[in-house]
There are 2 protein chains.
Amino acid sequence: MQSGETLTKLPQIIEAATRCFQDKGYVATTLNDIAEAVNLQKPTLYHYVKNKNELLFLVLKNTAESYNQALEAVVASPLNPRDKLDRAIRQHIHLQLEHPGTVTLFRDVGELDRGYRLEIRQALKRYRELLQDIIRQGIEAGRFRPADPSMAALFVLGAVNFVHRWYREEGPRSIPEIAEFYSQTLLQSLSQS
Amino acid sequence: MQSGETLTKLPQIIEAATRCFQDKGYVATTLNDIAEAVNLQKPTLYHYVKNKNELLFLVLKNTAESYNQALEAVVASPLNPRDKLDRAIRQHIHLQLEHPGTVTLFRDVGELDRGYRLEIRQALKRYRELLQDIIRQGIEAGRFRPADPSMAALFVLGAVNFVHRWYREEGPRSIPEIAEFYSQTLLQSLSQS
């Protein structure tokens, strides 16, 4: 992965791998399937990645990083904790429902080789901790009721991460409507009553 | 599954299958593994079940039915809608954390043969509808704020179903503490503000 050409093709390969994993499942997908999907010979694919496991790792890492960067931007903003949580929830719902397929692949994190698995778990932990920090600041500022910020963050994550399981593009609710409901309901759940 | 003897051994077989599926995963488990775990010859196992797929179905069906029966009892109770939801959330958390392994196996619902799959999905839908009815009654009684009862039920389910993913028996929070937090937080999230 040194040359310019190599770098330019990797995103396409990752995208093709994402689609193959979504369509056939990680276990059933072969490197041949992925090579065919990007019109490369399998030996050429090996210039880019070591094996299928590295590809799953790259797919999950890209996704986790985009979520973390989005949440870091909210944390760094001048908003108050309540508005930070509002924005965090809305953008989480948007990210998830606009790219529902990649989220599903986190189910396969157990298939990753140990080093990869630890790195992905670390990235997921980072996201949880950022969310937890927003909640802790909201409690300290008296905007949220006193609660265990760690359990509150897990509560929020459980609620928002389930959305891609039931959302249908052709369903009765739009993504902004869902984001509005989740933000309003979660903010009320943590607010001073 | 006609004779008395057959019926008495089936629960043991289901229990052994549950453990094997949890330990090795559904795909990697063989009927031999399950036969060994209950000290039966594989041909004897065939007196009880047709194949591994039927066993996964029976495991999931038993679990889904126990959740549905518990929720039906709450619905039939003389409690008001708010107290019904309180009890429903607490018992859901208890059921889940006292038997965390069976919940995990619902990930494999896609492995079921079509007829089995539809029956399990129907049972899960029944649970969601019972929860939705409690929420709708709470809205009609003015105890919960006006909201889409179907999305509210999915919201509650997402939050409570994530708990087994992070709960550890040796962790800092007891099951009653978690049930208390989830019930209080979810009731506040839906209440009239």
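**Exercise 1. Salt bridges and polar contacts between the chains**

Task: In this predicted model, determine which side chains meet in a salt bridge at 2.8 Å, N to O, and how many salt bridges and polar residue pairs are counted between chain B and chain A.

Solution. Step 1: the side chain of Arg173(B) forms a salt bridge with that of Asp148(A), with an N to O distance of 2.8 Å. The cut-off for such a pair is 4 Å, so the distance qualifies. Step 2: between chain B and chain A the count of salt bridges is 2. Step 3: the interface also holds 11 residue pairs in polar contact, both residues being at pLDDT 80 or more.

**Exercise 2. Composition of the contact surface**

Task: State which elements of chain B give two or more residues to the side that touches chain A, and how that side divides by residue class.

Solution. Step 1: the elements are helix 8 (149-161) and helix 10 (175-190) of chain B. Step 2: helix 10 of chain B supplies the largest share of this side, 10 residues. Step 3: by class, the side of chain B that touches chain A comprises 14 nonpolar, 8 polar and 5 charged residues.

**Exercise 3. Extent and symmetry of the interface**

Task: Give the area buried between chain B and chain A, and identify the relation between the two copies.

Solution. Step 1: 27 residues from chain B and 27 residues from chain A take part in the contact. Step 2: the buried area is about 2,400 Å², and carbon and sulfur atoms give 66% of this area. Step 3: in chain B, the residues that lose the most area to chain A are Met151(B), Phe155(B) and Gln188(B), together 27% of what that side buries. Step 4: a turn of 180 degrees with a shift of 0.0 Å along the axis lays chain B on chain A with an RMSD of 0.0 Å. This is therefore the relation of a two-fold axis. Step 5: the same surface serves both copies, since 100% of the contact residues of chain B recur in chain A.

**Exercise 4. Fold and an aromatic pair**

Task: Describe the secondary structure of chain A, and classify the ring pair of Tyr67(A) and Tyr127(A).

Solution. Step 1: chain A has 10 helices and 0 strands, and its C-alpha trace spans about 60 × 35 × 30 Å along the principal axes. Step 2: over all chains there are 12 aromatic pairs. Step 3: the ring centres of Tyr67(A) and Tyr127(A) lie 6.0 Å apart with planes at 70 degrees, so the pair is edge-to-face. Step 4: the pair links distant parts of the chain, with Tyr67(A) in helix 4 (residues 52-76) and Tyr127(A) in helix 7 (residues 114-140) of chain A, 60 residues apart.

Terms used. Residues are numbered from 1 along each chain as its sequence is written. Chains are lettered from A and ligands numbered from 1 in the order in which they are written. Side-chain values use heavy atoms; hydrogens and water are left out. Contact means heavy atoms within 4.5 Å. Buried area is the accessible area (1.4 Å probe) that two parts lose on being put together, summed over both. A polar contact is a pair of N or O atoms within 3.5 Å; within protein, one must be able to donate a hydrogen and the other to accept it, and residues adjacent in sequence count only if both atoms are side-chain atoms. Helices (H or I, at least four residues) and strands (E, at least two) are DSSP runs, numbered from the N terminus. Ala, Val, Leu, Ile, Met, Phe, Trp, Tyr, Cys and Pro count as nonpolar, Asp, Glu, Lys and Arg as charged, and the others, Gly among them, as polar. Copies are superposed by least squares on the C-alpha atoms of residues with pLDDT of at least 70 in both. Rings of Phe, Tyr and Trp (its six-membered ring) pair if their centres lie within 6.5 Å; planes under 30 degrees apart count as stacked, over 60 as edge-to-face and the rest as tilted.
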